[in-house]
Every structure is written in C-alpha cells, then in structure tokens.
Amino acid sequence: QKEGYHVAEFIKGGSEFAVWFNDMTAEWVMTEENINSLSQIPIAVIKAFHRYFIGGMKLKEITLITFKNHQTAYAFAIGLYNSDESYQLIYFSNGTLYKEFDTTQLGEEIYPELFE
C-alpha cells in the first residue's frame, strides 16, 4: 500500500511495472512501466527532452505512465553529476512538458495526484 492505493509490482518481458488501484473501490488508476529503449518513446517527447537536457545531467530512468482518464505521460528522472540533486520531468506524448519538479528531498515516486 502507498498513500491510499494498492500497488502491484511485477516484471513482464524484461520491463518493470507498477499498477496502482484505488484503495476504496479497487479501480485501476495508473500503470507505470520502465522504458528500456528510446525507440519506445514518441519523437516529439525525445526532442522536447533534448531541448531541456544539458551537460552535467545524467538520465537515471524513463517511465511510461498510463491512466484511465488522463493522457499518457513519460517521466524522466534526472540527476546532476557530483551532486545529490535530482529532478523529474513529465511530458505528454505530444512533447508538451507537463510538470517539472525537484525530487531531491521528496524522492522520485510518481503518485496519481501529480496529474490532478
């Protein structure tokens, strides 16, 4: 359980998944899937991320996030070299940057409330 949700984590086809369900109604809310290849990401998202990404940053992981009632999103976890600072950049499939936030203190967990 995480923050009022049941979360089922599993590995399928070499990818890690986390499926979130509402704790009260057992309805599916969100699925996270770790991306293993840039070929799985729309070109618009890659271009948008490259405009943001600068030297001194390292890409930690990319997560595909799907919802029942929201747009598909891609979360890029990045860190700064020689630093403990970390950030999360969330893009929609069309390349629009939805949200950028500092995860240094909060951690990199993605919760459904980030999309409300």
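Visitor: Which residue takes a positive phi in the hairpin of β1 and β2?

Guide: In this predicted model, that residue is G13, whose phi is near 60 degrees. The hairpin has two residues between its strands.

Visitor: What makes β1 and β2 a pair of strands?

Guide: Two strands pair if at least two bridges are found between them. β1 and β2 are joined by eight bridges and run antiparallel, so the requirement of at least two is met. Within this pairing, V7 faces W20 of β2, and E9 stands opposite A18, also in β2.

Visitor: Why are β1 and β7 described as standing at the edges?

Guide: The sheet is open and has seven strands in the order β1-β2-β3-β4-β5-β6-β7, with antiparallel pairing. β1 (5-12) and β7 (97-102) each have a single partner strand, so one side of each lacks a neighbour in the sheet. On average, neighbouring strands are turned by 20 degrees against each other, with direction ignored.

Visitor: Where does α1 lie with respect to the strands?

Guide: α1 lies across β4, β5, β6 and β7 and runs at about 145 degrees to β6.

Visitor: What does α1 give to the largest nonpolar core?

Guide: That core has 15 residues, of which I41, F76 and Y91 touch the most other members. At least two residues come from each of α1 (43-52), β4 (57-67), β5 (73-80) and β6 (86-92). The greatest contribution is that of α1, with four residues. A second, separate core of 14 residues includes A18, W20, A75 and F101.

Visitor: How do you know that F76 and Y91 meet the burial condition for a nonpolar core?

Guide: Buried means under 20% relative accessible area. F76 has 1% relative accessibility and therefore counts as buried. Y91 stands at 2%, so Y91 is buried as well.

Visitor: Which residues does Y91 touch, leaving aside those up to four places away in sequence?

Guide: The contacts of Y91 include V45, A48, F49 and Y52. Also among them are T72, A73, Y74, F76, T96, L97 and Y98.

Visitor: Why is the pair of F49 and F76 called stacked?

Guide: Rings pair if their centres lie within 6.5 Å, and planes under 30 degrees apart count as stacked. For F49 and F76 the centres are 4.2 Å apart and the planes are at 15 degrees, so the pair is stacked. This pair links distant parts of the chain, with F49 in helix α1 and F76 in strand β5, 27 residues apart. Both F49 and F76 are buried.

Visitor: What makes the pair of F76 and Y91 edge-to-face?

Guide: For that label the planes must be over 60 degrees apart. The planes of F76 and Y91 are at 85 degrees, with 5.6 Å from centre to centre, so the pair satisfies both the angle and the distance limit of 6.5 Å. F76 in strand β5 and Y91 in strand β6 are 15 residues apart. Ring pairs link F49, F76 and Y91 into a cluster, and the count of aromatic pairs comes to six.

Visitor: How many salt bridges are found in the whole structure?

Guide: The search finds two.

Visitor: Why is the contact of E9 with K2 called a salt bridge?

Guide: A salt bridge requires a side-chain nitrogen of Lys or Arg within 4 Å of a carboxyl oxygen of Asp or Glu. The closest N and O atoms of E9 and K2 are 3.3 Å apart, so the limit of 4 Å is met. With regard to accessibility, E9 is at 57% and therefore exposed, whereas K2, at 23%, counts as partly exposed.

Visitor: What does the pair of E27 and K68 tie together?

Guide: E27 and K68 form a salt bridge whose closest N and O atoms are 3.5 Å apart. E27 lies in the loop between β2 and β3 and K68 in the loop between β4 and β5, so the bridge ties together parts 41 residues apart in sequence.

Visitor: Why is K68 called exposed and E27 partly exposed?

Guide: Exposed means over 50% relative accessible area. K68 has 52% and is therefore exposed, whereas E27, at 42%, counts as partly exposed.

Visitor: How do you know whether A26 is buried or exposed?

Guide: The relative accessible area of A26 is 57%, so A26 is exposed. A26 is found in the loop between β2 (15-22) and β3 (28-34). From A26 to T104 the C-alpha to C-alpha distance is 31 Å, with their positions 78 residues apart in sequence counted as their separation.

Terms used:
Residues numbered from 1 in each chain as written. Predicted model: local features only at pLDDT ≥ 70, side-chain atom pairs only at ≥ 80, totals over all residues. Heavy atoms only, no water. Buried < 20%, exposed > 50% of the residue type's maximum accessible area, 1.4 Å probe, protein only. Core = buried A, V, L, I, M, F, W, Y, C linked by side-chain atoms within 4.5 Å. Contact = heavy atoms within 4.5 Å. Axes fitted to C-alpha atoms, helices over the stretch in contact; angles between N-to-C directions.
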